[in-house]
Amino acid sequence: METVLFYIAALVALASTTLVITRLNATHALVYLIVSLLAMAVMFALLGAPFAAALQVVIYAGAIIVLFVFVVMMLNLGRRTVERERTWLSPRLWFGPGVLAAILFAEMLWVIVATEGTTAGVAVGPAAVGRALYGPYLIVVELAAILLLAAMVGAFHLGRRYTRVRREGASS
Amino acid sequence: MTATAVPLEHALVIAAVLFALGLTGVIVRRNALFMLMSLEIMMNAAAFAFVIAGARWAEPDGQIMYMLVLTLAAAEVAVGLGLVLQLERLHTTVDVDVTHDMAG
């Protein structure tokens, strides 16, 4: 029964991800991206990783998507953008590279299918994850903290509104 | 709590297909916002592969690497969206092709 649920969630994830990369409107794509991330959260939970599933919902489908939504609102993409996206997505541009990449992709799938075994079918709860995280993986926590600090400084710097003024001063 | 035992290759194939879909999005789309979304899909698929590997041996290490990828994705999207905003301010478009000269 649970295996069937896993495959249903996988189908939902694949379908919604396909729709994300083919939508012309950024907001529609974001909604499908949320569905895709939630479907992956279901798969995490079914694989026995409830903590990862919770993080997927809270951080990916919550915080990261909210960032995207804010930027979509600030960019104010309108009907003009949708028309331009339509001209950019003409099939003759991606057909040739797509066929060649599909051949390589089929080879990779063959390599993956050649592996044996199943997942353990045992849940690894948050307590086990926490003990490993603050035990042997403590350095990873510190590295993640430094990474987030650097990203915060970078985002703050990039988000400031001074670049246009400096460019106009340099060009005149 | 029980969990389902899925054949390893099926789960890995799903992760690979999701990664390939994200890669397709990065290559095909020229809108910087869609490229960032596709990058998120790619990172999430890679993190999914970590979780699958963790579930294979019932060890917490896969979920810890998933959390590290999650942190990386959050950092990447913060900086990336800042870059998108600057691109829109400088060129009044989110088409990445306008940055071809890389000048200033």
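This section describes the fold of two chains, A and B, and the contact between them in a predicted model.

Chain A is built from helices. Its secondary structure comes to 8 helices and 0 strands. From the N terminus on, the order of elements is α-α-α-α-α-α-α-α. The chain has 172 residues, and a compact globule of that length would have a radius of gyration near 16 Å. The value for chain A is 21 Å. Along the principal axes, the C-alpha trace spans about 65 × 45 × 25 Å. Of the residues of chain A, 24% count as buried. Contacts within the chain were also sorted by sequence separation. Among those with a separation of 6 or more, 58% join residues 24 or more positions apart.

Chain B also consists of helices, with 3 helices and 0 strands. Its pattern along the sequence is α-α-α. The radius of gyration of chain B is 17 Å, whereas the globule rule gives 13 Å for 104 residues, so chain B is more spread out than a compact globule. Its C-alpha atoms fill a box of roughly 55 × 25 × 20 Å, taken along the principal axes. In chain B, 55% of the 104 residues count as buried. Of the contacts in chain B with a separation of 6 or more, 46% are between residues 24 or more positions apart.

The two chains meet through many residues. In total, 67 residues of chain B are in contact with 70 residues of chain A. On the chain B side, α1 (8-28), α2 and α3 (61-91) each supply at least two of these residues. The largest share, 24 residues, comes from α3(B). By class, the side of chain B that touches chain A divides into 45 nonpolar, 13 polar and 9 charged residues.

One helix pair illustrates this contact. Two packed helices are described by the angle between their axes and the distance between the axes. Helix α2 of chain A covers residues 26-46, and helix α2 of chain B covers residues 32-57. They pack at an angle of about 5°, with their axes 11 Å apart. Angles under 35 degrees count as roughly parallel, so α2(A) is roughly parallel to α2(B). From α2(A), the contact involves A:Ala26, A:Ala29, A:Leu33, A:Leu37, A:Met40 and A:Phe44. Their counterparts in α2(B) are B:Leu33, B:Phe34, B:Met37, B:Asn44, B:Phe48 and B:Val51. This contact has 11 nonpolar residues, 1 polar residue and no charged residues.

The nonpolar core draws on both chains. In soluble globular proteins, nonpolar side chains tend to be buried together. The largest nonpolar core here has 76 residues. Those with the most contacts inside it are A:Met43, A:Phe44, A:Leu47, B:Ala15 and B:Val51. From chain A, α1 (2-22), α2, α3 (50-75) and α6 (126-133) each supply at least two residues of this core. From chain B, α1, α2 and α3 each do so as well. The largest share, 17 residues, comes from α2(B). A:Phe44 and B:Val51 also appear in the contact between the two α2 helices. A:Leu47 touches residues of both chains: A:Thr119, B:Ala3, B:Val6, B:Val51, B:Ile52 and B:Ala55, not counting residues up to four places away in sequence.

Three single residues give local detail. B:Thr4 is found in the segment before α1 of chain B. It counts as buried because it has 20 C-beta neighbours inside 10 Å, and 20 or more is the cut-off for a buried residue. Not counting residues up to four places away in sequence, B:Thr4 touches A:Glu2, A:Thr3, A:Phe6, A:Leu46 and A:Gly121. B:Thr4 and B:Thr24 are 20 residues apart in sequence, and their C-alpha atoms are 30 Å apart in space.

A:Arg86 is found in helix α4 (residues 79-88) of chain A. It has 10 other C-beta atoms within 10 Å, so A:Arg86 is exposed. A:Ala132 lies 46 residues from A:Arg86 along the chain, and the C-alpha atoms of the two are separated by 48 Å.

B:Ala58 lies in the loop between α2 and α3 of chain B. Most residues other than glycine have a negative phi. B:Ala58 is not a glycine, yet its phi is positive, at about 55°. With 16 C-beta neighbours inside 10 Å, B:Ala58 counts as partly exposed.

How values were computed:
Residues numbered from 1 in each chain as written. Chains lettered and ligands numbered in written order. Predicted model: local features only at pLDDT ≥ 70, side-chain atom pairs only at ≥ 80, totals over all residues. Axes fitted to C-alpha atoms, helices over the stretch in contact; angles between N-to-C directions. Helix = DSSP H or I, 4+ residues; strand = E, 2+ residues; numbered from the N terminus. Parallel < 35°, antiparallel > 145°, perpendicular 65-115°, else oblique. Contact = placed C-beta atoms within 7 Å. Nonpolar A, V, L, I, M, F, W, Y, C, P; charged D, E, K, R; others polar. Rg over C-alpha atoms; globule rule 2.2 N^0.38 Å. Buried ≥ 20, exposed ≤ 12 C-beta atoms within 10 Å, placed from the backbone. Core = buried A, V, L, I, M, F, W, Y, C linked by C-beta atoms within 7 Å.
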